[in-house]
Amino acid sequence: AAMVELLLIATELAREAGEERVISACTDRLFAALNPALAHALSVGSPGRTEILGLASKVQSRLHRLRDGAKHGDVAFQVLLSLAQFFDLCRAGAEDKAFQVLTSCDLIPFDAASLPAKVESFAALDESVKSALPSVLLATMALLRSWKAKVPPQSKKELKDMAQRLSNFAGQINYRMSADTYVQLNSVFLDVMA
């Protein structure tokens, strides 16, 4: 936290001096320090989660002001903040809103046409975002399972198709998830498909 504060101060000083190169170097280091901690704190109940999310929110606010209202360029940071919101909404039972937030992250293929592109773009993601994917896939599959119990029979095919795409995506990306994650994904997938 102290290093992040120092980098924020350095970024503010560089901004006042008009040193764009220094601003860029400071923000790169800031995100290199903050993104892995933020990715680790995504799941609800993680130790230090509240503190990390508070710090991330503070960083977002200060950088927004520094850049005269322009959205800063660290996509991974923005995605991780959205994923934290996604998990909070899932826990609160706000499934529709959680799904909207996840859709805005543009990580997971929710339609058949986007599967190849999502698999390909996964390779370019920041490692901190990649490390969050197992939890995101499990939570998304759990949303589909929950919705299956609530939707009319004619809508269940769409949910099953989505579950199939998520399963295909997990199998096609070039990322090694734990065997336990695959077992859990398969279990929830089978529940949705039943």
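This passage describes the fold of a predicted model, from its overall make-up to a few individual residues.

The chain is built from helices: its secondary structure comes to nine helices and zero strands. Followed along the sequence, the pattern reads α-α-α-α-α-α-α-α-α. Of the 194 residues in the chain, 44% are buried. The accessible surface comes to about 10,200 Å², and carbon and sulfur atoms account for 54% of that area. Contacts also reach across the sequence. Among those between residues at least 6 apart in sequence, 67% join residues at least 24 apart.

The next topic is the interior. The largest nonpolar core has 59 residues, and Leu83, Leu137 and Leu144 are those with the most contacts inside it. At least two residues of this core come from each of the helices H2 (20–40), H3 (49–66), H4 (75–92), H5 (95–105), H6 (115–122), H7 (127–148), H8 (153–172) and H9 (179–193). Helix H7 gives the most, with 11 residues. Leu83 offers a view of this packing: with residues up to four places away in sequence not counted, Leu83 touches Leu42, Leu102, Cys105, Leu107, Ala132 and Val136.

Helix H4 deserves a walk along its length. With 18 residues at 1.5 Å a residue, H4 should span 26 Å, and because its end C-alpha atoms are 26 Å apart, the expected and modelled spans agree. The buried residues in H4 are Ala76, Phe77, Gln78, Val79, Leu80, Leu81, Leu83, Ala84, Phe86, Phe87 and Leu89. Just after H4, Gly93 takes a positive phi of about 85°. A positive phi also appears at Asp106, about 60°, although Asp106 is not a glycine. Most residues other than glycine have a negative phi. Asp106 is found in the loop between H5 and H6.

Leu143 is placed in helix H7. Its relative accessibility is 5%, so Leu143 counts as buried, the cut-off being under 20%. Leaving aside neighbours within four places in sequence, Leu143 is in contact with Phe86, Cys90, Glu95 and Phe99. The pair Leu143 and Cys90 shows how the fold brings residues together: they are 53 residues apart in sequence, yet 7.9 Å apart in space from C-alpha to C-alpha.

Charged side chains come next. A search of the whole structure finds five salt bridges, and three of these pairs are described here, beginning with Arg49 and Asp88, whose side chains meet at 2.8 Å, N to O. This pair links distant parts of the chain, with Arg49 in helix H3 and Asp88 in helix H4, 39 residues apart. The partners have their own settings: Arg49 counts as buried because its relative accessibility is 10%, while Asp88, at 35%, counts as partly exposed.

In another salt bridge, the side chains of Lys150 and Glu95 meet at 2.9 Å, N to O. Lys150 lies in the loop between H7 and H8 and Glu95 in helix H5, so this pair ties together parts that are 55 residues apart in sequence. Lys150 has a relative accessibility of 56% and therefore counts as exposed, whereas Glu95 is buried, with a relative accessible area of 16%. Glu95 is also one of the residues in contact with Leu143.

The salt bridge between Asp161 and Lys157, at 3.0 Å from N to O, is set within one helix. Both residues lie in helix H8, four residues apart, about one turn of the helix. An α-helix has 3.6 residues a turn, so residues three or four places apart point the same way. Lys157 counts as exposed at 55% relative accessibility, and Asp161 is partly exposed, with a relative accessible area of 31%.

Arg165 also lies in helix H8. Arg165 is buried yet has no salt bridge. The nearest side chain of opposite charge belongs to Asp161, 5.1 Å away, and a salt bridge requires a separation within 4 Å, so this pair does not qualify. Not counting residues up to four places away in sequence, Arg165 touches Pro109, Phe110, Asp111, Ala112 and Leu115.

Terms used. Residues are numbered from 1 along each chain as its sequence is written. This is a predicted model: local features need pLDDT of at least 70, side-chain atom pairs count only at pLDDT 80 or more; totals for chains, interfaces and linings use all residues. Side-chain values use heavy atoms; hydrogens and water are left out. A nonpolar core is a set of buried Ala, Val, Leu, Ile, Met, Phe, Trp, Tyr and Cys residues joined through side-chain atoms within 4.5 Å. Buried means under 20% relative accessible area, exposed over 50%, partly exposed in between (1.4 Å probe, protein chains only). Contact means heavy atoms within 4.5 Å. Lys and Arg count as positive and Asp and Glu as negative; His and the chain ends are not counted. Accessible areas come from the Shrake-Rupley method with a 1.4 Å probe; for residues, only the protein chains shown count as cover. The expected span of a helix is 1.5 Å times one less than its number of residues.
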